[in-house]
Amino acid sequence: MEITEVRIKLMEDSDDRLRAFCSITFDDIFVVRDLKIIDGTSGPCVAMPSRKLSSHCPKCHAKNHL
């Protein structure tokens, strides 16, 4: 397996530990998006993407977190 593409979006003027978001493509097929590059205690660290699951209300169609 080879890394075929890396895209990095730097976060300028960020006061917290978040420094950038990145996407990595493996073998021109599999893409991992929204990886976070943060300042760890011993240097830069990569955090995997995480998203909250949500569902739509059947009556009002608003998003509700599960």
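**Salt bridges, core and surface**

Me: Is Glu-5 buried, exposed or partly exposed?
Reply: In this predicted model, Glu-5 has a relative accessible area of 33%. Since buried is under 20% and exposed is over 50%, with partly exposed in between, this value places Glu-5 in the class partly exposed.

Me: Which side chain meets that of Glu-5 in a salt bridge?
Reply: The structure holds two salt bridges, and Glu-5 takes part in one of them, with a distance of 2.7 Å from N to O. The other residue of this pair is exposed, at a relative accessible area of 56%. The side chain that meets Glu-5 is that of Arg-7.

Me: How many residues apart in sequence are the parts that Arg-19 and Asp-39 tie together?
Reply: Arg-19 and Asp-39 form a salt bridge in which the closest N and O atoms are 2.7 Å apart. Arg-19 is partly exposed at 34% relative accessible area, and Asp-39 likewise counts as partly exposed, at 29%. Because Arg-19 lies in strand β2 and Asp-39 in strand β3, the pair ties together parts whose separation in sequence is 20 residues.

Me: Which element gives the largest share of the largest nonpolar core?
Reply: This core consists of five residues, namely Cys-22, Ile-24, Phe-26, Val-32 and Leu-35. Two or more of them come from each of β2 (18-26) and β3 (30-40). The largest share amounts to three residues, and the element that gives it is β2.

Me: Which core residues are in contact with Ile-24, leaving aside its neighbours within four places in sequence?
Reply: With those neighbours set aside, the contacts of Ile-24 include Ile-3, Glu-5, Val-6, Phe-30 and Val-31. Its list also holds two residues that belong to the largest nonpolar core alongside Ile-24, and these are Val-32 and Leu-35.

Me: Is Thr-25 buried or exposed?
Reply: Thr-25 is found in strand β2, and, not counting residues up to four places away in sequence, it touches Glu-2, Ile-3, Thr-4, Glu-5, Phe-30 and Val-31. Its relative accessible area is 11%. As the limit for that class is under 20%, Thr-25 is buried.

Me: What accessible area do the residues of the nonpolar surface patch have together?
Reply: The patch is formed by Ile-3, Val-6, Ile-8 and Leu-10. One of these, Ile-3, lies in strand β1 (residues 3-10) and is exposed, with a relative accessible area of 53%. Together the patch residues have an accessible area of about 420 Å².

Note on methods: Residues numbered from 1 in each chain as written. Predicted model: local features only at pLDDT ≥ 70, side-chain atom pairs only at ≥ 80, totals over all residues. Heavy atoms only, no water. Patch = residues over 30% accessible without salt bridge, like charges linked within 9 Å, V, L, I, M, F, W, Y side chains within 5 Å. Areas by Shrake-Rupley, 256 points an atom, 1.4 Å probe, with all protein chains shown as cover. Salt bridge = Lys/Arg side-chain N within 4 Å of Asp/Glu carboxyl O. Helix = DSSP H or I, 4+ residues; strand = E, 2+ residues; numbered from the N terminus. Buried < 20%, exposed > 50% of the residue type's maximum accessible area, 1.4 Å probe, protein only. Core = buried A, V, L, I, M, F, W, Y, C linked by side-chain atoms within 4.5 Å. Contact = heavy atoms within 4.5 Å.
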